[in-house]
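Work through the exercises below with the model open. Each task is followed by a stepwise solution.

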Amino acid sequence: MRLAGRMAQLGTETAFEVLARAKALEAEGRSIINLGIGQPDFQTPENIVEAGRKALADGHHGYTPANGIQPLREAVAADIAEHRGVEIDPASVVVVPGGKVTMFFAALMFGEEGAEILYPNPGFPIYQSAIEFSGATAVPIPLYEETGFSFSAEEVLSKITPRTRLIMLNSPANPTGGVTPKAEFDRLVEGLAAHPDVAIMSDEIYSRLLYDGQEHVSLLAYPSIRERVILLDGWSKTYAMTGWRIGYGVWPGELAEQATRLAVNSNSCVNAPTQMAAIEALTGPQESVATMRLAFDERRKIIVRGLNQIEGFRCVEPQGAFYAMPNIEGTGIGARELQDGLLEVAGVATVAGTSFGEYGEGYLRFSYAASSEQILEAMTRIREFLAQRT
Ligand code: PLP
């Protein structure tokens, strides 16, 4: 067999490998605290589950339009008007099986040999993977601990060349929990006026998970770039629906049709009951969103305090999402080695910063979507693990 050369370009999401190993260790009877995979540890709220159940019972078993059912796209438009203050046409919404799919479609739509696509590093690993798979060159936008892992507008703009087709951005961010301040977005948008052919994909999947009274800044809300912004969002994180597989893109102009064509060629549509559940998520009671956010905020404080008490660790306070990304250089152990040691010996699943790009060396990602007790226990285990090594 002879595979296409581009298969060698596909990366992966190490968090899934860590999860598989953690499950295997658990099956052997080991006690594992899972701070690896990025998914809420809450169940999907019952009203949403019930809507899915009812849809199945009512016979919604067939294909739907490839871009999603009209009432769902209308609900998305209403949600965007409420939370981002932007009026959009429901026809610009393309519902897909998870937030990830929008980034893959964007990479396929803009990427090809000779093209360049900018992406955050450390960043969600699928950005780089999808860009390289498309044949384009993935150009990293380095993110630094010193600025709370915000991107710098100046640095982003400095990376743009005549070959740049697309810029991928993410705030609040995985894996850092970093949130880019509005002033930086303003500067970026101002600078983008000089690059009218460059599109922007804004991954805002953590927009509802912000702390310390911060307000979400959406790139969709800037009129001067509106016609070239692709918004990526979904239900996975906000409504604890990672396993349902549903997300959406808001695509400018004719790109919605192109994205729909990609959907027709790959997944056809998202299953109907999940779409009905997603309508309930957006239009039903929202208390659970606030409850989960409060719980994450509490755990955030616990984990940052705990991490900063570990010798060799130093952790800036994340402002969004549910990740903390301490600098671990003081331990003298490489990120991957520490990830493996903590899982195999201490029973704590984390993900090495290097899984999120080369600028992640010296860091470890913790997902604090776990109970406070588990987080505290993990901190104890890490301290003991490090003490035993010295
Ligand atoms: N974007 C970011 C930044 C993420 O962290 C994730 C998931 O971890 C996704 C997108 C993908 O979400 P989904 O599970 O809906 O595909």
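Helices (H or I, at least four residues) and strands (E, at least two) are DSSP runs, numbered from the N terminus. This is a predicted model: local features need pLDDT of at least 70, side-chain atom pairs count only at pLDDT 80 or more, and totals for chains, interfaces and linings use all residues. Residues are numbered from 1 along each chain as its sequence is written, and side-chain values use heavy atoms, with hydrogens and water left out.

**Exercise 1. The largest pocket**

Task: Describe the largest pocket by its volume and lining.

Solution.
Step 1. Fix the terms. On a 1 Å grid over the protein atoms alone, a pocket is an open set of points with protein on both sides within 12 Å along at least five of seven lines; a cavity is a set of points where a 1.4 Å probe fits but cannot get out; lining residues have an atom within 4 Å of a point. Grid points are joined across faces, edges and corners, and a volume is the space filled by probe spheres set on the points.
Step 2. Take the volume: about 390 Å³ for the largest pocket. Of its 25 lining residues, E13, K100, F124, K237 and R245 are the closest to the centre.
Step 3. Assign elements. α1 (14-27) and α4 (99-110) each supply at least two lining residues. α4 gives the most, with 3.
Step 4. Sort by class. Ala, Val, Leu, Ile, Met, Phe, Trp, Tyr, Cys and Pro count as nonpolar, Asp, Glu, Lys and Arg as charged, and the others, Gly among them, as polar. The pocket lining has 10 nonpolar, 9 polar and 6 charged residues.

**Exercise 2. The enclosed cavities**

Task: How many cavities of 30 Å³ or more are there? Describe the largest and the second largest.

Solution.
Step 1. The count is 3 cavities of 30 Å³ or more.
Step 2. The largest cavity has a volume of about 100 Å³. Its lining includes D79, H83, R84, D233 and W235. α3 (70-84) and β7 (229-234) each supply at least two of the lining residues, and α3 gives the most, with 3. By class, this lining divides into 4 nonpolar, 4 polar and 4 charged.
Step 3. The second largest cavity has a volume of about 50 Å³. Among its lining residues are M168, L169 and N170. Strand β5 (residues 164-170) gives the most to this lining, with 3 residues. The classes here are 7 nonpolar, 4 polar and no charged.

**Exercise 3. A helix pair**

Task: How do α11 and α12 pack, and which residues meet?

Solution.
Step 1. Helix α11 (residues 335-346) and helix α12 (residues 372-389) pack at about 105°, with axes 10 Å apart. Axes are lines fitted to C-alpha atoms, for helices over the stretch in contact, and angles run from 0 to 180 degrees between N-to-C directions.
Step 2. The pair is therefore roughly perpendicular (65 to 115 degrees; under 35 is roughly parallel, over 145 roughly antiparallel, the rest oblique).
Step 3. E337, L338, G341, L342, V345 and A346 in α11 meet R381, I382, F385, L386 and R389 in α12. By class, that contact has 7 nonpolar, 1 polar and 3 charged residues.

**Exercise 4. Two helix residues**

Task: Is S129 buried or exposed? Is R299 buried or exposed?

Solution.
Step 1. S129 lies in helix α5 (residues 125-133). S129 is buried, at 7% relative accessible area (buried is under 20%, exposed over 50%, partly exposed in between, with a 1.4 Å probe and protein chains only).
Step 2. Beyond its neighbours within four places in sequence, S129 contacts Q9, L10, G11 and T12 (contact: heavy atoms within 4.5 Å).
Step 3. R299 sits in helix α10 (residues 287-308) and is buried, at 8%. Leaving aside neighbours within four places in sequence, its contacts include D41, F42, Y368 and I375.
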